[in-house]
Each structure stands twice: as structure tokens, then as C-alpha cells.
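Here's a quick walk through the model, one region at a time. Have the structure open as you read.

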Amino acid sequence: MTSLPRPTIVWFRQDLRLQDNAALAYAIELGRPIIPVFIWSESESDRWRPGAASRWALHHALMSLQADFAERGLKLIIKKEASCMEALQELIQQTGAQRIFWNRRYEPSLRQLDSTLKRELISAGLEVKSFNSTLLNEPHTVASGSGAPYKVYTPYWKKVHPRAVDAPIAVEVERLLPVSMKLRSREIADLELLPRIAWDHQIATAWDMSEAAAQKRLDSFLAGPILNYASQRDRPDFEGTSSLSPYLKWGLIGPRQIYHAVQQRCDLEQEGVHIYLKELYWREFAYNVLYHFPHTSDQALRPEYDRFPWADNPEHLQAWRRGRTGYPIVDAGMRQLWQTGWMHNRVRMIVSSILVKHLLQPWRRGAEWFWDTLLDADLASNSLGWQWSGGCGADAAPYFRIFNPITQGQKFDPEGLYVRRYVPELRGLDAAVIHQPWEASPLDLKTAGLELGRDYPLPIVAHADGRKRALEALALFKHQQALVK
DNA sequence: TGAAATGTTGGGGCG
DNA sequence: ACGCCCCAACATTTC
């Protein structure tokens, strides 16, 4: 019997694509049969196990990746085990694989898991290689002049943006070699990533979770919206943003691909293009902060804020979650999130300001809800965003920065189109009052067929009162902290 | 990637 | 013609 070439395992995790996949490309270079595998080991995840919406996205991303491999005669192996090590060992024993490659992850608990695994696999005699396919600049390569990690975006950006970005890796998929033996694999459905009760209908019509769809979305964004990005990105009533975040989440597209497509197809002098690239670096900055300050998914970067006396009001929290705060722009955002698995970024800032400032709820409650409901739920970006709103993080909003949900609505949804789309009970109201229905005249309300307090709630707290309360609470806290020091 | 309060300026109405 | 007031528009400061 001729000795068969030993296959290479490519372990897919948050890089569910064929193109620009460094681990896969390197495996192909070796010219040996490849076993692509995905492992679901829930018991190994910490409290930030993927939320319901991103599990939905994962299911569809795996279906798509499996189909893409099947087209080339390969089977994406699905494993469901208590531990990744167990799953990998079984595969190694069964196939005689000698090498295992993957693309690196950066979430603190996953990084720890990966480094343990790498050690164990090496000591078991395997060749293990890891790659970067997720970031433009990995956090360990970025430090300030003094050697400290950056905590402020602008100096971070100034440091990294002049660096050359590696071109996306062209993966020669036609050279993919399958293994000849039949390998045991679970069905993707066995992972039970889909919801038990079918709440995903609208999400399914809004999102096609495939590598091809990600590229299509990139193409259409670069062909139009990016030109007006400077002004339109803040308008939730238009599709002015890239909407690529759900694809970035599981790596259906990578930032190198986005960056180079922008470089090649866009006028870099244009303001919108420039601002968009800066947004891509916000994602990088978020990874940088979480990597260097691994506690910031759970605790404030500024430790004194963990002693802030946040309110604990389950009714308020629930009203916020369900989009029943009585502020139309907030409720539209929360319902967009619930219905579509995504929320416009401008509105994310408004809804988080309401929760943390007007309602004084802990930013962690908001982060947990976003984690469960966002298709793009990303630990680094989510933590950074919520700590920004909470005023307790890196480059955070100062404590006195409190959004006015009425003026924000009027400014960024001037016709009320966004509100009408997601808060149907307000559809009959005129643009002049749609962001403050309590100001509508009795006639307006009658015409709109609306009774406040019955069909739509009155504001959960009057803006002026909520603002005043937050300012007082935070000023008092600042004062007390100053005394403690 | 704020909002509100306060300050300043300048045009126009009007006695 | 002039001073006075009002107030919008803009600028600055304060939270």
C-alpha cells in the first residue's frame, strides 16, 4: 500500500470564507488533502457564548460554507463535542493528519483557549500554524511611543493608518484536494443554532449569510452609498451605511478585502471614503482595547465606574428592550433590532444614551441585550460602544454628554420615515410631531387614530427630568470619587 | 460621534 | 434721525 499523503486540518472558527483566508491558503500551498472542520463546543464558552441572533447567522454561514466546499468536492466537517481538543484529537486519530492551521481569534477567553490548544497539539506531535485573517493590524503589533497600548482613538489611528495593509490573499480554490476517506460529521442542524420558535422570519428575508452575499453588499456599497457616506451615514431612514458588520462577525468577509476594494475602486480624496475607512479602524481600535484590557467586556476600563450606583429597574429595562419607551426614535431602533437583527449606528448611540443616562441602568444590561439580538454582535465593538455610552471606557463620551432623543430624531430622521417603518402605531402622525407625539394636538391624535398611553406609551421619563437626574447622579459620583482619592 | 444655558451681534420695527 | 427693544442667528461656556 502506498503511503497516502497526510492531510491538513483547517479549523474554521470566525473566518467562514474561502477567499482571503490565510490558513486555508497556506494549507493549499502544501498540496495535501485538506479537511475543513468547524467545532461547536458550547461548554467551553464563557458567559459571552454567541447570542441568539449571531447563532442564527452562524447556522446560515455554515450552510453556505459547506455548500461552497461541496462545490469543490470537499466536505466541511461539523463537530459537536464538549471540548475542541477532544474533537480535534478524534479527527487526527481517524485521519492521521499531521498539520493543523487556523486563523487567530482575539477575544480574551478564546485566545487563552487557543494558546492552550496549540501547546497541547504541538506536544502531541502536530505542526500547528496560526494566521491573521481578521484584522488589518493585530493588537500586539501596535503600541504608543512609550510602549503602552492606546486608549484614545485618534492617536491610535494616526499610528496605524499610514501602515501598508496586506493585500487580500487570493485562495486558489481549484487546487483544493479532498481526503479520500469518509469522515464522521454532524449535521449543521444538530448544532441547534436556530431558534426553537420561529422569530427569524424577517431576519431571514433581510439577510443572506453567505460569502457571495457579503461581496455583493460590498460592491453595492462602493458603487453608491460610500460617495455620500459623510452625510448619509447618520441617516437611519436611508441605507447609507455599509451594513457589512453581520458579515464581518463570522468572517464571511475580511477587513483586508474591504480595505483594498475601497483603495482600488474609490476616490480616496473623497470625504465619505475617508470617513468610511476611519470606521473600519474603529473596529480595529475596539479589538486593540479588548486585547490589551481583557476585563473590559465585563468591567469598566475606568475602574471607579464599577462602583457607580446604577439603578436596577427591570420594568424600565424591559420597556427599553421591547421598544416601548415612548421616544419614537428609540423605540424604532429597538424594534429594528428585534425584527431585523441589526440597528443603525446613529440609533445605537441614541438608545444606549437613553438606557444609561436617562434610566441610569448599567451599561452591561444594554451590552447583554445587544449581544443576544445583534447579528453582528462582536465582543470588542460591543464592549467599546457600551463603555463609550457609559462614559467609563476608552475615549468615552464625557458623563455630561446626554443625547436628546427628540432633537436627534428630528435631525437624523427629519421626515419620520424610520419611525413610521418600525413604529406603525405612529404612522398617521405628521413629521412635525412624530418625534414627540405627546405634543400632538387632540385633533392630530384623532386623525392618526392614536390614543397615547393606550396605543403608544407616554415617555418613560420626561427628557428634561431624565437629563437632570443623570447629571446630578454623575456629578455627585464624580464628587465622591474625588473625595475618596 | 451633544445639549442647554448664556453671551454677542445686527437688522428691523417703532415711537 | 435716533435710541430702544425684540429676537433671530450665531458663538461661547457649561453641564
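## Domains 2 and 3

Start with the spacing: the C-alpha centres of domain 2 and domain 3 are 26 Å apart. This is a predicted model, and the domain assignment splits chain A into domain 1 (1-133), domain 2 (135-167 + 210-292) and domain 3 (303-484). Where domains 2 and 3 meet, 17 residues of domain 2 are in contact with 21 residues of domain 3.

Which elements give two or more residues to the side of domain 2 that touches domain 3? Those are α9 (245-249) and α11 (271-292). The largest share is from α11, with five residues. Sorted by class, that side of domain 2 has nine nonpolar, two polar and six charged residues.

## α5 against α11

Helix α11 turns up again in a helix pair. Helix α5 (residues 153-160) packs with α11 at an angle of about 105°, and their axes are 10 Å apart. So α5 sits roughly perpendicular to α11, since angles of 65 to 115 degrees count that way.

On the α5 side, the contact is made by Tyr153, Tyr156, Trp157 and Val160. On the α11 side you'll find Lys278, Tyr281, Trp282, Glu284, Phe285 and Asn288. The contact of α5 with α11 breaks down into seven nonpolar, one polar and two charged residues.

## Around DNA strand B

Trp282, listed above in the α5–α11 contact, is also one of the residues surrounding DNA strand B. The others listed there are Ala397, Phe400, Arg401, Ile402, Phe403, Asn404, Thr407 and Gln408.

How do the residues of the surface near DNA strand B divide by class? There are five nonpolar, three polar and one charged.

## α13 against α17

Gln408 has a second role to look at. Helix α13 (residues 328-340) packs with helix α17 (residues 405-412) at an angle of about 70°, with the axes 8 Å apart. That angle makes α13 roughly perpendicular to α17.

Pro328, Ile329 and Val330 are the α13 residues that meet α17, where Pro405, Gln408 and Gly409 take part. By class, the contact of α13 with α17 has four nonpolar, two polar and no charged residues. Gln408 therefore appears both in this helix contact and around DNA strand B, while the roughly perpendicular arrangement is that of α13 and α17.

## The five-stranded sheet

Now for the strands. Five of them form an open sheet in the order β3-β2-β1-β4-β5, and the pairing is parallel. Why is one side of β3 (77-80) and of β5 (127-131) left without a neighbour in the sheet? Both stand at the edges with a single partner strand each, so there is no neighbour on the other side. From one strand to the next, the twist averages 25°.

Looking at one pair, strand β1 (residues 8-12) and strand β2 (residues 34-40) run parallel and are joined by five bridges. Thr8 stands opposite Ile34 in β2. Helix α1 (residues 22-29) packs on the sheet and touches β1, β2, β4 (99-103) and β5. The direction of α1 makes about 150° with that of β4.

Definitions and conventions. Residues are numbered from 1 along each chain as its sequence is written. Chains are lettered from A and ligands numbered from 1 in the order in which they are written. This is a predicted model: local features need pLDDT of at least 70, side-chain atom pairs count only at pLDDT 80 or more; totals for chains, interfaces and linings use all residues. Axes are lines fitted to C-alpha atoms, for helices over the stretch in contact, and angles run from 0 to 180 degrees between N-to-C directions. Helices (H or I, at least four residues) and strands (E, at least two) are DSSP runs, numbered from the N terminus. Angles under 35 degrees count as roughly parallel, over 145 as roughly antiparallel, 65 to 115 as roughly perpendicular and the rest as oblique. Two residues are in contact if their C-beta atoms, placed from the backbone, lie within 7 Å. Ala, Val, Leu, Ile, Met, Phe, Trp, Tyr, Cys and Pro count as nonpolar, Asp, Glu, Lys and Arg as charged, and the others, Gly among them, as polar. A residue is near a molecule or strand if its C-beta atom, placed from the backbone, lies within 6 Å of it. Two strands pair if DSSP finds at least two bridges between them. Domain bounds come from an automatic or database domain assignment.
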